[in-house]
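Grab your viewer and work through a few short exercises. Each one sets a task and then walks through a solution.

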Amino acid sequence: MESILQELYALRDTDYAAFQAKLIPNLPPERILGLRMPVLRSYAKTLRKEPRCATFLEELPHSFYDENQLHAILLNSICRELPQSFSLLESFLPHVDNWATCDTLSPGIFARHPGPVYEKCLEWLQSPHCYTVRFAIDMLLKFHLDTEFRPETLELLAGMKREEYYINMAIAWYMSCALNSQYENTLPLFRQNKLNKWLHNKSIQKAIESRRIPEERKELLRKLRR
């Protein structure tokens, strides 16, 4: 929508845009306006009360990275019913084209519906689209690694055969967090070499870098490197 885009232009920070372009190298720099996250969150808080918010969410694809970020922020907070959240995500996820927008997505309503969200994540894991799969892994990490943990998720992610860097990094991050919160369930994957070599070593690296994992566990993990 032209009015929203004009307002985003007025809030842009060109220096920050140049910084963001270095972090998201797969996007052309001209697609990044450079809105800082606090600015976007503040703008979204106002926009979600307006009728044009619904129109903005329907008009896909967007032209700019910052529009996608705004879209993700809105999806995190506007939905009051799970079917609405799933529907809006199904429309938006195919247009997510970078790791930052993918990782911004985290619908608050998911915390109240662990069962249906888990089943939906299993569907998303089968997607051919890189960032739909990464989003599913992110949601399994956030909402299903503590009280809602299911051991079979470890085997499922360990057995995934995908070449995309941003999917494999998400799996490695999941495994490193699982080595903290689900240590006894997760360690056998590394003792038995269930992950490919890159995922195995990257997961251990991330775990060793974590401040939450005790030093004695880190020492064991160092010995399990391949």
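Below are four exercises on salt bridges, aromatic rings, surface charge and backbone geometry. This is a predicted model, where local features need pLDDT of at least 70 and side-chain atom pairs count only at pLDDT 80 or more, while totals for chains, interfaces and linings use all residues. Residues are numbered from 1 along each chain as its sequence is written, and side-chain values use heavy atoms, leaving out hydrogens and water.

**Exercise 1.** Find the salt bridge partner of Arg-52 and say which helices the pair links.

Solution.
- Start with the criterion: a side-chain nitrogen of Lys or Arg within 4 Å of a carboxyl oxygen of Asp or Glu.
- Arg-52 meets it with Glu-7, the closest N and O atoms being 2.8 Å apart.
- Now place the two: Arg-52 is in helix H4 and Glu-7 in helix H1 (residues 2-10), 45 residues apart. Helices here are DSSP runs (H or I, at least four residues), numbered from the N terminus.
- Finally, widen the view: Glu-7, Glu-50 and Arg-52 are linked in a network of salt bridges.

**Exercise 2.** Classify the ring pair of Tyr-165 and Tyr-166.

Solution.
- Recall the cut-offs: rings of Phe, Tyr and Trp (its six-membered ring) pair if their centres lie within 6.5 Å; planes under 30 degrees apart are stacked, over 60 edge-to-face, and the rest tilted.
- A search of the whole structure turns up 11 aromatic pairs.
- For Tyr-165 and Tyr-166, the centres are 5.1 Å apart and the planes make 80 degrees, so the pair is edge-to-face.
- Elsewhere, ring pairs tie Phe-86, Phe-110, Trp-124, Phe-135 and Phe-143 into a cluster.

**Exercise 3.** Is Arg-80 buried or exposed?

Solution.
- Locate Arg-80 in the loop between helix H5 (65-77) and helix H6 (82-92).
- Apply the classes: buried is under 20% relative accessible area, exposed over 50%, partly exposed in between (1.4 Å probe, protein chains only).
- Arg-80 has 59%, so Arg-80 is exposed.

**Exercise 4.** Pick out what is unusual about the backbone at Pro-61 and Asn-193.

Solution.
- Keep the baseline in mind: most residues other than glycine have a negative phi, and most peptide bonds are trans.
- Leu-60 and Pro-61 are joined by a cis peptide bond, with omega about 0 degrees. Pro-61 sits in the loop between helix H4 (52-58) and H5.
- Asn-193 has a positive phi, near 55 degrees. This residue belongs to the loop between helix H12 (183-191) and helix H13 (197-209).
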